[in-house]
Amino acid sequence: QVQFVESGGGLVQPGGSLRLSCAVSGFTFRNYGMSWYRQAPGKERERVAGISNNAGDTRYADSVKGRFTISRDNDKATVYLQMNSLKPEDTAVYYCNAGFTTPAFNSWGQGTQVTVSS
């Protein structure tokens, strides 16, 4: 059974930083690219960052480029998202899924809420 467990969200002031983690199980993590997505209230889920299975390639949405960094630890089956210089428009529930460009699985975790507000 594929599982994604996201953590690390919270309330942060504009300009602040957070590091999200996503622990996965149920598939061979090192064989898959991974991506982070986010969904703000009233909006569709959007992909914000992706990383290839060997971490040799990363891609970012234009809205987060230069501020967010995706990384992974294949031994721990965990993917991370370091978020710096956070803006109010980054407020959303953040999710991870397998796949470098599109979700590999239909199941999703509970997500982790990120709120950027003064």
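How many salt bridges does the structure hold? In this predicted model there are six salt bridges, and they are best placed after a look at the strands and the core.

An open sheet of six strands, with mixed pairing, follows the order β2-β10-β9-β4-β5-β6. Its edges are formed by β2 (10–12) and β6 (58–60), each of which pairs on one side only, and the twist from one strand to the next averages 25°. Within this sheet, β4 (residues 34–39) and β9 (residues 92–98) run antiparallel and are joined by six bridges, with S35 standing opposite N97 in β9.

The largest nonpolar core has 31 residues, among which M34, W36 and L81 touch the most other members. At least two residues of this core come from each of β3 (18–25), β4, β5 (46–51), β7 (68–73), β8 (78–83), β9 and β10 (112–116).

Turning to the charged pairs, R67 and D90 meet through their side chains in a salt bridge of 2.7 Å, N to O. R67 lies in the loop between β6 and β7 and D90 in the loop between β8 and β9, so that the pair links distant parts of the chain, 23 residues apart. Both R67 and D90 are buried, and they belong with R38 and E46 to a network of salt bridges.

D75 forms a salt bridge with R30, with 3.5 Å between the closest N and O atoms. Because D75 lies in the loop between β7 and β8 and R30 in the loop between β3 and β4, this pair ties together parts that are 45 residues apart in sequence. Here D75 is exposed, at 72% relative accessible area, while R30 counts as partly exposed at 42%.

Notes: Residues numbered from 1 in each chain as written. Predicted model: local features only at pLDDT ≥ 70, side-chain atom pairs only at ≥ 80, totals over all residues. Heavy atoms only, no water. Pairing = 2+ DSSP bridges. Helix = DSSP H or I, 4+ residues; strand = E, 2+ residues; numbered from the N terminus. Axes fitted to C-alpha atoms, helices over the stretch in contact; angles between N-to-C directions. Core = buried A, V, L, I, M, F, W, Y, C linked by side-chain atoms within 4.5 Å. Buried < 20%, exposed > 50% of the residue type's maximum accessible area, 1.4 Å probe, protein only. Salt bridge = Lys/Arg side-chain N within 4 Å of Asp/Glu carboxyl O.
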